[in-house]
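Me: I am new to this structure. Can you take me through the reasoning behind its labels?

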Amino acid sequence: MNNYFQDTKELEAIGHEALQSASKALSKILGYDVRIKLASAYMLSPINLMEVLGKESAFDVAIAYSKLKGMLSGIILLAIPLNDAAETLKNMILRTLGVSMLNEEIATDLFKEMANIIFGAVATSLYNKYKIIVSYSVPKVVIDNFMAILDNIVTLYIMEFDKLVIYDAEIVGEENTPRIKILIIPEEGMKFSRSELVAGDFQ
């Protein structure tokens, strides 16, 4: 796996910074205080993913995902249990627009924007920490069984990876305090070492 994804404390620092930044941006857009709080950050191999997710692997989820490009290639995705997603987005739309009925198009756009903000914050934090320049595609939204979606995404991009990064977080302040997961699935073959990244010889 890429050498800059090795230290759990560094991963946590990146996650805290990214989610604080994303919280501020979401609060500004929605017009009320939104806090996304990091619960944990860890790395694991694909073979251990089912064990870590447990019952969640069988749940239907809403996922927004983007293709990562640049010095880090792979996939980044935001996942939230489907029931929590519907309730959370409905509350956000009600508090922001005063509309009580959940409109699928508006909800999807809001979820995409939430993902776009979080992915951008992660990319910025990676640059701040390691000077990695990363871009990402416009988020796509899918709804299905968690593991089925992951399998389809990995197959779609024909990716080979030995570890992935998972951030567990919660959206504090919403009535149901929904839990979200942010996954970074790097492609194999990334050759930059931490020492090379710190040296900054890739402008």
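Reply: Start with the largest cavity. Of its lining, the largest share comes from H4, with 4 residues. Keep in mind that this is a predicted model.

Me: Which residues line the largest cavity?

Reply: They are Leu68, Leu72, Ile76, Phe119, Val122, Ala123, Leu126, Val134 and Ile184.

Me: What makes the lining of the largest cavity nonpolar, polar or charged?

Reply: Set the names against the classes. Leu, Ile, Phe, Val and Ala count as nonpolar. The lining of the largest cavity therefore has 9 nonpolar, no polar and no charged residues.

Me: How many cavities are counted, and how much space lies in the largest cavity?

Reply: The count is 1 cavity of 30 Å³ or more. About 40 Å³ of space lies in the largest cavity.

Me: Why is this called a cavity, and what is called a pocket?

Reply: In a cavity a 1.4 Å probe fits but cannot get out, whereas a pocket is an open set of points. The largest pocket holds about 210 Å³ of space.

Me: Which elements each supply at least two residues of the lining of the largest pocket?

Reply: Helix H3 (82-97), H4 and strand E5 (140-145) do. Among the lining residues are Leu82, Ala85, Glu104, Thr108, Phe111, Val141 and Ile143.

Me: How does the lining of the largest pocket divide by class?

Reply: There are 10 nonpolar, 1 polar and 1 charged. Glu counts as charged, and Thr falls among the others, as polar. Glu104 and Thr108 are both in that lining.

Me: Back to H4. How do you know what span is expected of H4?

Reply: The expected span is 1.5 Å times one less than the number of residues. H4 (residues 104-130) has 27 residues, and 39 Å is expected. From its first C-alpha to its last, H4 reaches 38 Å, close to that value.

Me: What comes just after H4?

Reply: Lysine 131 does, with a positive phi of about 60°.

Me: Why are H1 and H4 called oblique to each other?

Reply: The axes of helix H1 (residues 8-30) and H4 cross at roughly 140° and come within 8 Å. Roughly perpendicular is 65 to 115, and roughly antiparallel is over 145. The angle fits neither class, so H1 and H4 are oblique.

Me: Which hand does the crossing of H1 and H4 have, and which classes of residue make the contact?

Reply: The crossing of H1 and H4 is right-handed. Their contact has 15 nonpolar, 4 polar and 4 charged residues.

Terms used. Residues numbered from 1 in each chain as written. Predicted model: local features only at pLDDT ≥ 70, side-chain atom pairs only at ≥ 80, totals over all residues. Heavy atoms only, no water. 1 Å grid on protein atoms, 1.4 Å probe; cavity = no way out; pocket = protein on both sides within 12 Å on 5 of 7 lines; lining within 4 Å. Points joined across faces, edges and corners; volume = space filled by probe spheres on them. Axes fitted to C-alpha atoms, helices over the stretch in contact; angles between N-to-C directions. Parallel < 35°, antiparallel > 145°, perpendicular 65-115°, else oblique. Left-handed = near helix turned anticlockwise from the far one by under 90°.
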